[in-house]
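Colleague: I should like to go through the reasoning behind several labels used for this model. Please set each value against its criterion.

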Amino acid sequence: MKRSPFVTILVLAVLGLSLCAALSRSFYLQEKAAIASEFQADIRQAAAILERQVLLNLEVLFALKAAIEHVPGKMDAQQFESLTDDILQRSPAIMAFAWAPAIEREHLAEFELEQQRTFAQWRITERDADNRVVPVSERSLYVPVQFIAPLAKNAAAVGFDLASETKRLTAIKAARDTGRMAATAGIQLVQEPDNQQGFLVFAPLYEGQPTSLQQRREAHYGYINGVFLMDELTDHAIGINNETSLLFQVIDVTDAQPNELYSNVDPASSSWVSDLDYTTRMADIAGRTWEIRAMPSQRYIDRRRSHLPALIMVSGILLIALLVIHALVNVNRNRALVASQAKLEQMSLTDGLTQVANRRHFDQFLEQEWGRAMRQQRPLSLVMVDIDNFKAYNDHYGHPEGDECLRQVARILQAVVRRPTDMLARYGGEEFAIVLPDTATGEVIAEACRAAIENAAIEHVTSAVSNRVTISAGVCSMLPGASNSLDDLMQQADAALYRAKHAGRNQVARC
């Protein structure tokens with residue numbers, strides 16, 4: 001039977017429309033994937049910027065701690081203000097710095113009376129369940145805010161006992177016992193009337209240089225702490241507070257119950273596209289683990305969509321070829337985006353000056369190799385390397401030549417550390433670190449590195465060791481087990497480096 005031309009036209013039309021519909025849907029899904037990829041890249045970039053801003057502020061707090069530890073005599077309000085004023089002007093994300101001594105119960109009345117000789121109304125207080133200011137209750141330890149800057153904005157916090165609230169007390173004890181800075185979970189600040197989250201970071205202060213838990217508890221005398229508002233910190237870092245087309249949240253997931261520290265908009269809104277929900281984890285924030293969670297709105301997606309899927313449906317077969325070409329271009333764009341992301345990831349793990357692994361990459365790699373060595377019961381060696389008298393080199397030859405010296409040393413060390421499983425990293429300043437998996441004799445590599453640097457004969461006329469650049473190295477090799485830890489490995493390697501330097505430099509010492 002002869003087929004009607006109308007049927008043929010209809011069949012061809014249906015086939016053409018089906019092909020267009022299939023291609024349109026394929027392009028729609030591909031475009032959605034590209035938008036998701038772009039969205040994730042934007043969020044990763046924002047998270048990296050925020051992480052960098054937070055860590056920079058923690059470094060500021062650490063530097064202030066170091067400055068306070070070198071202040072002779074007893075701290076007073078004038079000294080504290082002079083130490084903190086310039087930092088606060090240059091660091092708008094820091095709401096305040098506070099000085100808080102650790103006071104035992106039997107000395108509380110004496111301490112309060114001493115403060116009242118200067119300020120008659122000075123009292124040590126806490127907040128009750130209704131957030132009212134009340135006298136402190138009985139406890140073994142008090143950590144009152146003695147000085148705070150800027151005082152005008154934070155006067156309500158003066159005298160407040162930081163040990164009276166669970167989240168603060170948890171961070172206080174962690175800082176005291178570990179010797180490291182410790183952040184609180186999200187809290188409502190005493191001096192902040194608005195309903196926004198803040199957090200405190202405590203840096204412990206000690207008499208001398210305690211090394212054990214017991215020594216730290218005995219030598220501890222107080223804290224310097226930084227006060228941060230998440231709104232201010234996030235807005236200063238990435239300026240996302242007024243962005244309503246995407247949800248950006250900072251969530252503390254350290255504890256069993258996650259704590260939302262920041263949200264630029266209402267997360268309960270129905271406008272968020274939940275299937276594009278994206279979460280990325282930040283680096284350790286003074287002992288706390290933060291995650292960034294983000295979701296785009298439909299408006300965010302619509303702004304990034306093209307009209308090509310609709311045009312495919314109305315234009316028919318004639319536009320199929322053009323759409324295929326456009327799809328190929330889009331694939332190339334995605335490939336370029338992936339390549340760009342990979343390059344950015346590599347850059348984030350590489351020291352910009354020496355082009356070897358940076359400190360962040362080193363920390364991740366060493367922790368990974370320690371775990372692997374423990375599982376497989378294989379030895380692991382760590383070599384800490386320091387360029388001898390490098391400050392004198394910089395002072396004599398200038399910083400550009402100092403940078404070139406660092407690059408030369410990195411190249412020479414990399415030529416010695418050749419196994420694909422090993423890592424050379426710039427640990428900081430003029431210090432390098434070498435991780436040697438499956439190695440029980442790290443001193444062999446360390447000595448090879450020392451000899452290679454000396455044989456390179458890089459001129460250093462101001463060195464107290466030689467007329468050429470030399471290095472000192474500390475080596476520690478361990479078989480991971482229940483009796484040791486990664487901290488032991490690092491501390492012993494660092495101690496070995498100290499012995500090598502103390503013994504005259506240009507030599508290798510092992511733990």
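Colleague: Which residues does S91 touch, not counting residues up to four places away in sequence?

Modeller: In this predicted model, S91 touches N57 and V60 once those sequence neighbours are set aside. S91 itself is placed in the loop between α2 (77-90) and β1 (94-101).

Colleague: What makes S91 buried or exposed?

Modeller: The relative accessible area of S91 is 11%. Buried means under 20%, so S91 is classed as buried.

Colleague: Why is α12 called oblique to α13?

Modeller: The axes of α12 (residues 390-397) and α13 (residues 399-416) come within 7 Å and cross at roughly 135°. Roughly perpendicular covers 65 to 115 degrees, and roughly antiparallel requires over 145. The angle of roughly 135° fits neither class, and therefore α12 is oblique to α13.

Colleague: Which residues form the contact between these two helices?

Modeller: From α12, F390, Y393, N394 and Y397 take part; they meet H399, E401, G402, C405 and L406 of α13. Sorted by class, the contact has 5 nonpolar, 3 polar and 1 charged residues.

Colleague: What is the accessibility class of C405, one of the α13 residues in that contact, and how does C511 compare with the cut-offs?

Modeller: C405 has a relative accessible area of 0%; the limit for buried is under 20%, so C405 is buried. C511 has 36%, which lies between the limits of 20% and 50%, and C511 is therefore partly exposed.

Colleague: How many disulfides does a search of the whole structure find?

Modeller: The search finds 0 disulfides. A disulfide would need a pair of cysteine sulfur atoms within 2.5 Å.

Colleague: Why is a positive phi worth noting at residues other than glycine?

Modeller: Because most residues other than glycine have a negative phi. Q355, which is not a glycine, has a positive phi of about 65°, and A457, also not a glycine, has one of about 55°. Q355 is in the loop between α10 (320-348) and α11 (359-376), while A457 is in the loop between α14 (442-455) and β17 (471-478).

Colleague: What are the accessibility classes of Q355 and A457?

Modeller: Q355 stands at 55% relative accessibility; exposed means over 50%, so Q355 counts as exposed. A457 stands at 42%, between 20% and 50%, and therefore counts as partly exposed.

Colleague: Is the peptide bond from A149 to P150 cis or trans, and what is its omega?

Modeller: That bond is cis, with omega near 0°. P150 is in the loop between β6 (147-149) and α4 (151-154). Most peptide bonds are trans.

Conventions:
Residues are numbered from 1 along each chain as its sequence is written. This is a predicted model: local features need pLDDT of at least 70, side-chain atom pairs count only at pLDDT 80 or more; totals for chains, interfaces and linings use all residues. Side-chain values use heavy atoms; hydrogens and water are left out. Axes are lines fitted to C-alpha atoms, for helices over the stretch in contact, and angles run from 0 to 180 degrees between N-to-C directions. Helices (H or I, at least four residues) and strands (E, at least two) are DSSP runs, numbered from the N terminus. Angles under 35 degrees count as roughly parallel, over 145 as roughly antiparallel, 65 to 115 as roughly perpendicular and the rest as oblique. Contact means heavy atoms within 4.5 Å. Ala, Val, Leu, Ile, Met, Phe, Trp, Tyr, Cys and Pro count as nonpolar, Asp, Glu, Lys and Arg as charged, and the others, Gly among them, as polar. Buried means under 20% relative accessible area, exposed over 50%, partly exposed in between (1.4 Å probe, protein chains only).
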